[in-house]
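Please look through the sequence and the 3D model shown here, and keep both at hand while you read the report that follows.

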Amino acid sequence: MMREIPAPGYSPISGKRRPPSAWGDALFIQLRTMGWCPPDPYPVVTCNFIHTGSGADIVAVRKTEGAT
């Protein structure tokens, strides 16, 4: 079953640059593949926010608790 993009509580991203650093060092991500949202946040430095057209593209993000 396909989850809506962006999922509730997530913000869509452009796919042209990484989200603002003020959002924190780790973010919850949503992938293009069936709108999947991994249960754990990912370190921003390990994520590729530039869209390539693959199912692994990050299409939306959500701040972790405590992020401003």
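## Cysteines

The structure holds zero disulfides, a disulfide being a pair of cysteine sulfur atoms within 2.5 Å. The sulfur of Cys-37 has its closest cysteine sulfur in Cys-47, and because these sulfurs are 13 Å apart, they are too far from each other for a bond. Cys-47 is likewise in no disulfide, since the nearest cysteine sulfur, that of Cys-37, is 13 Å away.

Where do the two cysteines stand with respect to the surface, buried or exposed? Cys-37 counts as buried because its relative accessibility is 12%, and Cys-47 is buried with a relative accessible area of 10%. Here buried means under 20% relative accessible area, exposed means over 50%, and partly exposed lies in between, with a 1.4 Å probe and protein chains only.

## How the model is read

This is a predicted model, in which local features need pLDDT of at least 70 and side-chain atom pairs count only at pLDDT 80 or more, while totals for chains, interfaces and linings use all residues. Residues are numbered from 1 along each chain as its sequence is written, and side-chain values use heavy atoms, with hydrogens and water left out.

## The sheet

Four strands form an open sheet in the order 1-4-2-3, with antiparallel pairing; strands are DSSP runs (E, at least two residues), numbered from the N terminus, and two strands pair if DSSP finds at least two bridges between them. Strand 1 and strand 3 are the edge strands, as each of them pairs on one side only.

Strand 1 pairs with strand 4, which covers residues 58-63, in the antiparallel sense over two bridges, and in this pairing Ser-11 stands opposite Val-61 of strand 4. Strand 2 and strand 4 also run antiparallel and are joined by five bridges. Strand 2 is joined to strand 3 by two bridges, again in the antiparallel sense, and Ala-26 has Pro-43 of strand 3 as its bridge partner. In a regular strand, side chains alternate between the two faces of the sheet.

## Gln-30 within strand 2

Gln-30 belongs to strand 2, which spans residues 26-31, and its bridge partner in strand 4 is Ala-60. Gln-30 counts as buried because its relative accessibility is 0%. A polar atom of the Gln-30 side chain lies 3.0 Å from the backbone oxygen of Glu-4.

## Met-34 and the nonpolar patch

Met-34 is found in the loop between strand 2 and strand 3, the latter covering residues 42-43. Its phi is near 55 degrees, a positive value in a residue other than glycine. With a relative accessible area of 48%, Met-34 is partly exposed.

Which residues join Met-34 in a nonpolar surface patch? Met-2 and Ile-5 make this patch together with Met-34, and its area is about 300 Å². Patches are made of residues with over 30% relative accessible area and no salt bridge, where like charges are joined within 9 Å and nonpolar side chains (Val, Leu, Ile, Met, Phe, Trp, Tyr) within 5 Å. A salt bridge is a side-chain nitrogen of Lys or Arg within 4 Å of a carboxyl oxygen of Asp or Glu, and accessible areas come from the Shrake-Rupley method with a 1.4 Å probe.

## A cis peptide bond

Ile-5, one of the patch residues, is joined to Pro-6 by a cis peptide bond with an omega of about -5 degrees. Pro-6 is placed in the segment before strand 1, which covers residues 11-12.

Note on methods: A polar contact is a pair of N or O atoms within 3.5 Å; within protein, one must be able to donate a hydrogen and the other to accept it, and residues adjacent in sequence count only if both atoms are side-chain atoms.
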